[in-house]
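Student: Could we go through this structure together, with each term set against its definition?

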Amino acid sequence: MATNGAQSKAGDWRNYKRVLLPPIRDLHRLEVYEAHGGYQTLREVLTSDRWDPKSVIEEVKKSKLRGRGGAGFPTGLKWSFMPPVDDRPRFLCCNGDESEPGTFKDRQLMEFNPHQIFEGILIACYAMSVRTCYLYVRGEFARWIEHMERELEKLYAKGYVGQNIMGTDFSADIVIHKGAGAYICGEESSLMESVEGKRAYPRIKPPFPAQRGLWGYPTTINNVETLANVPLILHNGGEWFASIGAPNHPGPVLYGISGHVNRPGVYEYPTGMLITDLIYEVAGGIRGGKKLKAVIPGGSSTPPLRADMIDGVTMDAESLRETGSMMGTAGLLVLDEDTDMVSWLRRVAHFYAHESCGQCTPCREGTGWLENILTRIDEGEGRLRDLDLLLDLCDQMEGRTVCALADAAAWPVRYTILRFREEFEARCKPSLIPTGIDLTPTS
Amino acid sequence: MPRITIDGTVYEFEGRPKLLQFCLDHGIELPHFCYHPALSIPANCRQCLVEVGMPVIDRETGKPKRDENGQPVIQFMPKLQTSCSLDMADGMVVKTHRTSEKVARAQRDNLEFLLINHPLDCPICDQAGKCPLQIQAYKYGPEGSRFEFLKVHKPKRVKLGPRVMLDAERCINCTRCVRFTDEISKSHQLTIIERGVKNYPITPPGVEFDDPYSMNVIDLCPVGALTSIDARFKARPWEMSATPSITITNAKGSNCYYWVRDNLIVEITARANAAVNGYWLPDEDRLDYHRFNENRPDGPEVRRDGRLVRVSWEEAYDRAVELLAGIDGRRILFLGSAYATVEDNYLLKRLAEALGADTPVYIPHIEPGHGDGWLRTDDRTPNAQGCQRLGILPVDEALVRSRLESGEIQAIYVLEDDPVGSGLFTAEALADIPVILHYYNTTNQTLVVADVALPAATVVETVGTYVNCDGHAQRVRPAKAIRTVNRVLMQEIGKSRLDQHGTPYDRWYNEKHQVDCKPSWEILPEVAERLGHPLRYKGPKYIMQEIAETIPAFAGATYEAMGLEGVRLAEIGAEV
């Protein structure tokens, strides 16, 4: 593989030892998790003089951990936004409403290592002096919800959750909340609306959740994988964590690789992996020895990269931004040379039209319109001018709504058309009205 | 004081107002749909976007950076902001569509989105003509449409409740109606269902939208999605005139508009008045207009050979005087009315005084349990407080009945009420004495014993003052014309039209629907004069002026002071 001389930032990844999903049988059971050192970090944090809430947050800041839910916001910084403790309740929400096409890494954690999530939640609760955490899980994950609830009961019975955890004066409850099948509930403010029992319309910001969150009280929302990293940081130190993978976006990451590869699945490796390594070595290459056409690096909302754009690109925020995409949730969709990009984009547009909550005008109407046009093009009835209309509509949607769903719907449309324009043009009939617009493809 | 620059003009402000409300208060129009000053701010229609910048602060000096011309350097936010939800801050610079092509484009784009699935059935829509979507689409929207697909279809005729009809296709999902039932009426009877482009408001399963304030959502709806089952398809806004007035269903005196076409009241809608009813009106107030159109009398009548016979107004006055003249004034019972205006009651009181009679009393109409502590009261009359402030007190029923039985009362003069219908007297008890009756409707049960029946102008036909249960004095204006010519009414009706220059010769002029009645302030002086007690005023305005000057409980309550929104009498120094 040509790599333009760029190096993987993941170091000796071939000998990487997994820490989020370690190869231990039955780790999802409390007995097994404890036998392998589980909850020792929590005990240490709660009982040792070395740790107080402030120093825990400092350690997380030092680790440079960035949120794994898609936006990549520094976790320690987010925690420090919580206002000083007063007599009001405070909440933590753990976001397990993973529903974006191409993203399926949190469910692996919930299935195989739920106790690391619980331990991370409890440490986060301690760090932010939170008494209640809502673990919001996508409703379709019914089986894992069931077994997490079973394990959570064990934790309550053992005194690891609830009143006076491990005999200390720290108390915290975990409530598992089941979603009802809406993608929008993964947006942090609509997640809170959903927990409150309301229709999950995203809220306007400001105020931010740390000021006015659940029921108007200070709240922090973290992704499942983010919190699962926390016990590791506290156990091994922030510096250890910061030394893994890409310097500006460090740590282990669960790569969910899907699409036309030989071995799709969730793989744990450091950040900063070369995309080519992930496709050709980790996932065993393209199915049937075909050529690569496109990679969507972080779930369906991130802009797709053409095969000729990925040389030397590594999986971290900086590298992907320079290339013209995003890290997202590190859910890589790999598309081979036979993929019909028009049809693919139509399917993605359908998803966002179906999942738009309908609160804001540009998203409600725009997502439906995008799907209409793409359907027409896919069915061979499109006109060339439709492509410019699509780009126009993206302009009309982006940045004009309460939450980022409109952006997430517009980006794949905009960048798939810009990067695969010939393919779209080949499917369109000529416009009835000639346009004077420069149609040269650009990236 | 903090300052904000909007389109290059500097404004001072206090506190932390929201930008959109501040602009609306200062006459700077910004298009918007979901924002309503009485409701929470969801910022979901995305129509009120503006460009917002803040001065760049020099990190070293802590002061705003200045460019070579000494002007502060402004950093504009990368995204447009919804002005409805934006807290104003000192030094903020705002560009609206008037100065920013970016904002104008965003507003145009948004309207294009709003219209793609909107049915555009304006020609048959009740809202057309007063529709914020229609107005703003013409003003700020794009030319034509680039949408070449089937519009989304949704339920078209959903009876949400007994009074409100939903056309979900017209809905633009501003959620004003849902927020109204959540935040104002607290009935929680509406919610949004479905998702994305399919969503629309509806009641939860098994719930009927029977909120006693349900029809407010019709006023709130910025499109024609929610319409009144009672009023829909009856009249177009431009065929009607809207007269600002008050409702008389109860003692609250909620502010309203009376919509008139062909000289009939077609609809009653809410008129904002923070001191009385906010933006709201109970459903019963809105539907209470049939009394102005139906069962109305046709001219004065006098009883001859046991039957009421139609006569001229002069004959009726003469007959009344004939009946009263022979009776000692002290033997006449004058009944005032909590339905009538302060002016009319005052003239009745003056007449009673002149004849040496007792001060008039009024019949209270109290319906226990009807009130809700908000805009509905147990008292079903609009002016009980006005009567009391004039010294006209509730009737002592037992006393007047015994006085009637003992023959102490030898005649009754009734101002705009129904002593038989209300149960004060039986028809038999009044059969043998003269009864002179000012009345509104032919359903008035006292008519069977009335010797002189004088049709009186109702609240929609007269000029006058009502005092609500909180001591708020408010003027009413004529919304429709009566048969006879009265210069004062002619002038007032012209002024109160929405178009400000309506005349009786407008297209909604309809002779058939003119009631041959007169305001009591015109009838009473005629009767008084014939009895030898001149009671001449140039009009109700001058009557009220005299009341304001002579009765301490009305001190200062002139027409000028009352204006369009009335005055709280206690606040202008009137005695309580």
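The exchange below takes up a helix, a sheet and a chain contact in turn.

Tutor: This is a predicted model, in which local features need pLDDT of at least 70, side-chain atom pairs count only at pLDDT 80 or more, and totals for chains, interfaces and linings use all residues. Residues are numbered from 1 along each chain as its sequence is written, while chains are lettered from A and ligands numbered from 1 in the order in which they are written.

Student: What makes α14(A) largely enclosed by the rest of the structure?

Tutor: A residue is buried if 20 or more other C-beta atoms, placed from the backbone, lie within 10 Å of its own; 14 of the 18 residues of α14(A) meet this, so the helix is largely enclosed. Helix α14 (residues 361-378) of chain A reaches 26 Å from its first C-alpha to its last, close to the 26 Å expected at 1.5 Å a residue, and is followed by Gly380(A) with a positive phi near 85°.

Student: Why are β24(B) and β25(B) said to pair?

Tutor: Two strands pair if DSSP finds at least two bridges between them, and β24 (residues 472-476) of chain B and β25(B) have two bridges, in the antiparallel sense. The bridge partner of His472(B) in β25(B) is Arg568(B). The open sheet has the order β23-β24-β25 (chain B), and β23 and β25 of chain B are its edge strands, since each pairs on one side only.

Student: How many residues of chain B are in contact with chain A?

Tutor: With contact taken as C-beta atoms, placed from the backbone, within 7 Å, 26 residues of chain B touch 25 residues of chain A. On that side of chain B, α2(B) gives the most, with six residues.

Definitions and conventions:
Helix = DSSP H or I, 4+ residues; strand = E, 2+ residues; numbered from the N terminus. Expected span 1.5 Å × (residues − 1). Buried ≥ 20, exposed ≤ 12 C-beta atoms within 10 Å, placed from the backbone. Contact = placed C-beta atoms within 7 Å.
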